Amino acid sequence: MKPAAFTYHAPETLAEALQVLAEAGEDGKVLAGGQSLLPILNMRLAAPGHLVDINRIPGLAAVDSAADAVTVGATARHADVERDDAASRVQPLLRQGLRLVAHAAIRNRGTTCGSLAHADPAGEMTAVLALTGGTVRLVSAAGERELSAADFFVGPLESCLGPGELLCSATFPAFPSGTGTAFVEVARRKGDYALCGVAAAVGLDKDGLVTSVRTAYISVDPTPLVLDLTDAVGGTSAATADWAAAGALARSQVSPEPDIHATASYRAHLVGVLTARALVEAAAAAGGSAADAPSVVR
Amino acid sequence: MSPEQQRPVTLVVNGVGHRVTIPVRRLLSDAIRHDLGLTGTHVGCEHGVCGSCTVLLDGRPVRSCLLLAVSVDGAEITTVEGLAGADGTLHPVQQAFTECHALQCGFCTPGFLLTIAAGLEDNPAPTEDEATELISGNLCRCTGYQNIRRAVLRAAELRRSGAAG
């Protein structure tokens with residue numbers, strides 16, 4: 001349970017880091033918070049030849065909240081984003097999702113960008129990026145590119161981050177006003193990987209009628225799955241909307257794989273139940289009184 | 001194969017700076033125990049699940065088994081040895097653990113003590129639910145969690161009254 005030997009690099013500037021990463025190529029790995037990487041190294045599931053520690057590079061830890069988006073730097077800790085009131089006002093799903101990421105001690109060191117780069121299908125922030133229509137900025141010695149979640153996540157633990165590239169920041173856009181959000185999940189124990197998790201965004205008009213219903217799922221597909229469920233409840237009042245029908249619609253559109261933690265049918269069941277719960281919460285946050293809706297399995 | 005890379009680092013533990021030269025792959029937990037001889041930090045699972053190796057890094061609880069020692073060069077680290085006063089007066093959390101019988105074998109205890117000590121700095125008056133949430137990232141396999149949760153609430157009382165701190 002100790003990492004295999006590697007060459008350690010501690011660049012002091014981004015340019016230096018990119019140079020080292022370019023030279024290391026396939027054999028290089030970025031160390032930010034290390035809360036996914038260190039277990040992998042300890043268990044020797046991976047043994048990269050070069051570790052590039054980006055924690056000393058100034059300016060990468062910023063959490064910038066503009067009116068229309070929150071941009072999170074590569075070494076901003078989950079805990080820093082979670083505690084950031086301005087970020088939570090602009091995009092409430094950040095705090096809602098982050099509270100479910102592992103345990104506080106992990107969030108104190110782990111980074112939001114690192115979690116995205118790790119591309120775990122159970123990672124809460126992958127769904128937040130996908131549902132908000134967010135982007136990641138990848139930089140390398142050769143240049144930079146900006147990708148949407150749909151383009152960035154390729155498969156389980158696989159992104160299109162290439163050799164020599166660093167995920168430098170992630171941008172989470174705000175939703176239009178009148179949108180409420182929620183993140184709910186079921187895990188065997190507090191802080192465990194979710195068996196199923198749902199990020200939800202419900203838009204209401206000024207009369208409390210549902211205008212849009214979108215959800216994103218973790219631990220269901222190899223990459224974060226985004227669904228539009230507006231057809232199930234659009235145009236109805238948030239207070240009386242049939243959220244269970246939206247849950248059923250979601251359930252009909254997923255085909256999760258079984259594993260040792262849950263069967264496929266249990267996961268599909270969770271998709272239905274958790275979708276309805278998340279939508280009730282999101283609609284309430286949007287200003288509807290959906291918490292009294294009778295049709296939802298609590 | 002070239003010889004394993006070593007690197008000098010300064011580990012500031014409980015207010016004392018230690019200059020050591022260590023292999024770059026040395027985990028912070030191992031550096032604290034092996035290089036500094038501070039064996040109060042316990043090592044359980046070594047992949048971030050059990051919480052027994054929890055230390056404070058610049059005041060915040062972290063898993064020392066999921067950090068490279070070279071990555072925290074110069075940072076302030078607090079281990080269980082740094083909790084009690086210089087005269088041996090127990091920290092309120094330690095006092096509460098003895099009063100509430102919140103440990104049996106003691107293996108997990110250092111991680112709990114540091115997690116709770118930092119948690120009460122953030123939230124000096126936790127509810128029962130908040131106390132449960134606070135210790136949710138630490139595993140105990142003997143006394144169970146009821147007494148530990150009582151100790152969280154008792155430690156909060158002791159801190160407020162200043163009776164043990």
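In β10(A), A:S169 is the bridge partner of A:R137. That pair is a good place to start in this predicted model, since we can widen the view from there. Strand β6 of chain A covers residues 135-140 and strand β10 of chain A covers residues 166-173; the two are joined by 5 bridges in the antiparallel sense.

Step back once more and you will find both strands within an open sheet of 5 strands in chain A, ordered β4-β5-β10-β6-β7 and paired antiparallel. At its edges stand β4 (63-65) and β7 (143-148) of chain A; each has a single partner strand, so one side of each has no neighbour in the sheet. From one strand to the next, the twist of this sheet averages 20 degrees.

Now let's move along chain A to another open sheet, where 4 strands follow the order β11-β12-β13-β14 with antiparallel pairing. Here the edge strands are β11 (179-187) and β14 (225-228) of chain A, each pairing on one side only. The twist in this case averages 15 degrees from one strand to the next. Inside the sheet, strand β12 (residues 194-204) of chain A runs antiparallel to strand β13 (residues 210-218) of chain A, and 8 bridges join them. For a residue to click on, try A:A201, which stands opposite A:R214 in β13(A).

Finally, turn to the place where the two chains meet. There, 22 residues of chain B are in contact with 24 residues of chain A. On the chain B side, strand β4 (residues 60-63) of chain B gives the largest share, 4 residues. Sorted by class, the side of chain B that touches chain A holds 7 nonpolar, 9 polar and 6 charged residues.

Terms used:
Residues are numbered from 1 along each chain as its sequence is written. Chains are lettered from A and ligands numbered from 1 in the order in which they are written. This is a predicted model: local features need pLDDT of at least 70, side-chain atom pairs count only at pLDDT 80 or more; totals for chains, interfaces and linings use all residues. Two residues are in contact if their C-beta atoms, placed from the backbone, lie within 7 Å. Ala, Val, Leu, Ile, Met, Phe, Trp, Tyr, Cys and Pro count as nonpolar, Asp, Glu, Lys and Arg as charged, and the others, Gly among them, as polar. Two strands pair if DSSP finds at least two bridges between them. Axes are lines fitted to C-alpha atoms, for helices over the stretch in contact, and angles run from 0 to 180 degrees between N-to-C directions.
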